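Please read these notes with the model open beside you. They go point by point, from a term you will need to particular helices, strands and side-chain pairs.

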Amino acid sequence: MSLSYQQMKIAVPLVIKAGNVPSIVGEAGIGKSALVEEIAASMGAKLYTTVVSLSEKGDLAIPVPPLTERSFVTTQHYGTLANVQFGYSETLVAIVKQAEAHPDQPIIWFLDEFNRGTQAVQSELMNLVLQRQVNSLKLPDQVHIVIAENPDSTMENFADSDYGVTAGDAAIRDRTVRLVMKAAVDDWLFWARQLQSDGQPRIHELVAKYIRLHPNLLAPVDHEKDLYPTPRAWARVSGNLRQLEQLDEETQTTLAADLFSGDLGSEVGAAFAKFVAQHGQQLSVADLIDHSTQLQFVAEVDRLTAVRQWVKELTKYPITQYPAQFKNCLYALSPDGRFAVVQDLGEQAAAAEQIKALYQAANENPGGDQEQLYRLLEQITVEAGD
């Protein structure tokens with residue numbers, strides 16, 4: 001079970017108002033920090049953030065010698081001693097000062113990347129989360145704690161997760177409300193359209209258009225490479241693209257693929273660079289028919305999108321009329337891509353009659369383009385069933 005960004009905007013405040021601690025679980029770059037910022041603004045709350053993965057033991061409160069003369073004691077035989085007190089972190093001091101100055105304003109203390117902190121740091125935060133206390137200091141009632149975590153393999157439905165995390169203590173899990181966040185394309189595109197102070201949308205229109213065309217690339221679940229698309233990566237790409245557009249066209253062409261690949265990985269980065277170079281124009285079915293033998297020079301994701309579009313336009317471009325071109329397109333796809341196209345064919349009413357016509361042509365004209373296409377479709381179907 002998981003919730004979209006918009007659903008999380010309802011669920012997290014609900015948990016906070018109930019007096020509980022929400023634990024937001026989601027992939028890196030999915031927008032957890034942005035979510036908490038928006039929730040704090042909607043609640044009129046002052047937001048403080050501590051990145052736990054960057055914290056060390058003792059960051060919240062460390063023993064320090066007091067700074068007044070009265071704190072020092074001179075002894076007859078053991079020299080000068082000090083009554084050691086605790087020095088609290090600037091964040092904690094700021095929170096307490098804020099609470100005293102504005103007792104009616106809620107405060108959200110966001111502990112980000114909680115389970116990427118060391119075991120020692122997590123242990124130090126236990127009393128903060130469970131008892132709302134740091135040493136002898138109790139948090140003001142108006143302070144609400146929200147934590148965020150990356151998935152780990154001990155969590156339900158995340159057995160294959162490979163984040164470098166430190167599994168949290170059972171007591172933390174028992175005292176927090178886990179809310180799993182998913183990437184929802186409609187939510188992200190709605191957020192992307194919002195205008196910034198400079199009057200521009202948050203996300204460049206070409207990035208938004210590319211995600212509309214390839215929604216599976218907003219935050220792919222299956223990723224084996226070290227760089228892959230995430231909502232946060234696409235936001236960086238948007239900013240880089242706006243800066244790239246300030247340069248001359250030749251420089252843009254030279255830099256684009258490498259620049260975008262630095263956030264998205266080489267395959268998606270190169271495909272998006274080509275998309276930008278074409279000013280957002282996708283391959284058309286007519287392009288496939290005219291240039292079906294040159295598809296190896298087009299990114300896989302764009303090949304697949306165009307071929308699937310052909311399937312939707314079978315009445316206009318019957319595969320019985322263009323069997324060699326459709327066959328070339330299938331050969332240009334990966335095995336998974338071919339299977340996806342065959343699945344699409346099974347859902348199109350026009351495809352049944354055209355495949356039947358291919359079968360008849362195969363019997364009447366063995367070795368022809370129509371028979372070759374029919375045999376290829378048959379082979380893909382059989383391989384998919386194995």
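1. A residue is called buried when its relative accessible area is under 20%, exposed when that value is over 50%, and partly exposed in between. Keep these cut-offs at hand, and keep in mind that this is a predicted model. In helix α10, the buried residues are V268, G269, A271, F272, A273, F275 and V276.

2. What do the buried residues of α10 pack against? They pack against α7 (205-213), α8 (231-244), α9 (249-264) and α12 (300-312). Helix α10 itself covers residues 266-277, and its 12 residues should span 16 Å at 1.5 Å a residue; the end C-alpha atoms are 16 Å apart, so the expected and computed values agree. After α10 comes H279, which has a positive phi, near 55 degrees.

3. Now the whole protein. It contains 16 helices and 11 strands. Of its 386 residues, 42% are buried. Among contacts with a separation of 6 or more, 68% are between residues 24 or more positions apart. The protein exposes about 21,200 Å², and carbon and sulfur atoms supply 50% of that area.

4. Helix α8 can be read in the same manner as α10. Its 14 residues should span 20 Å at 1.5 Å a residue, and because the end C-alpha atoms are 20 Å apart, the two values agree. The buried residues of α8 are P231, A233, W234, V237, S238, L241, R242 and L244. Their cover includes α6 (185-193), α7, α9 and α10. Note that R242 is on the buried list, whereas R236 is partly exposed, with a relative accessible area of 40%.

5. R236 also takes part in a salt bridge: its side chain meets that of D263, at 2.7 Å from N to O. This pair links distant parts of the chain, with D263 in helix α9 and R236 in helix α8, 27 residues apart. Is D263 buried or exposed? D263 counts as buried, because its relative accessibility is 9% and the cut-off for buried is under 20%.

6. Helix α9 also contributes to the surface. L255 is found in this helix, and L255 counts as partly exposed because its relative accessibility is 40%. Together with L247 and L259, L255 forms a nonpolar patch on the surface, with about 220 Å² of accessible area for the three together.

7. Turn next to strand β7, residues 107-112. Why is β7 described as largely enclosed by the rest of the structure? Six of its six residues are buried, so the description follows. In a regular strand, side chains alternate between the two faces of the sheet. In β7, I107, W109 and L111 point one way, while I108, F110 and D112 point the other way, and all are buried.

8. Which strands pair with β7? Strand β2 (residues 46-51) pairs with β7 in the parallel sense over six bridges. One position to look up is L47, whose bridge partner in β7 is I108. Strand β10 (residues 143-149) also pairs with β7 in the parallel sense, over five bridges. There, F110 stands opposite V146 in β10.

9. How many salt bridges does the structure hold? There are five. One of them joins the side chains of E38 and K9, at 2.8 Å from N to O. E38 lies in helix α2 (residues 32-43) and K9 in helix α1 (residues 5-17), so the pair ties together parts that are 29 residues apart in sequence. E38 counts as partly exposed at 27% relative accessibility, and K9 counts as partly exposed at 27% as well.

10. A last pair lies within a single helix. R375 forms a salt bridge with E371, and their closest N and O atoms are 3.5 Å apart. Both residues lie in helix α16 (residues 369-385), four residues apart, which is about one turn of the helix. R375 counts as partly exposed at 34% relative accessibility, whereas E371 counts as buried at 15%. Salt bridges that share partners join E371, R375 and E378 into one network.

Terms used
Residues numbered from 1 in each chain as written. Predicted model: local features only at pLDDT ≥ 70, side-chain atom pairs only at ≥ 80, totals over all residues. Heavy atoms only, no water. Helix = DSSP H or I, 4+ residues; strand = E, 2+ residues; numbered from the N terminus. Buried < 20%, exposed > 50% of the residue type's maximum accessible area, 1.4 Å probe, protein only. Contact = heavy atoms within 4.5 Å. Areas by Shrake-Rupley, 256 points an atom, 1.4 Å probe, with all protein chains shown as cover. Expected span 1.5 Å × (residues − 1). Patch = residues over 30% accessible without salt bridge, like charges linked within 9 Å, V, L, I, M, F, W, Y side chains within 5 Å. Salt bridge = Lys/Arg side-chain N within 4 Å of Asp/Glu carboxyl O. Pairing = 2+ DSSP bridges.
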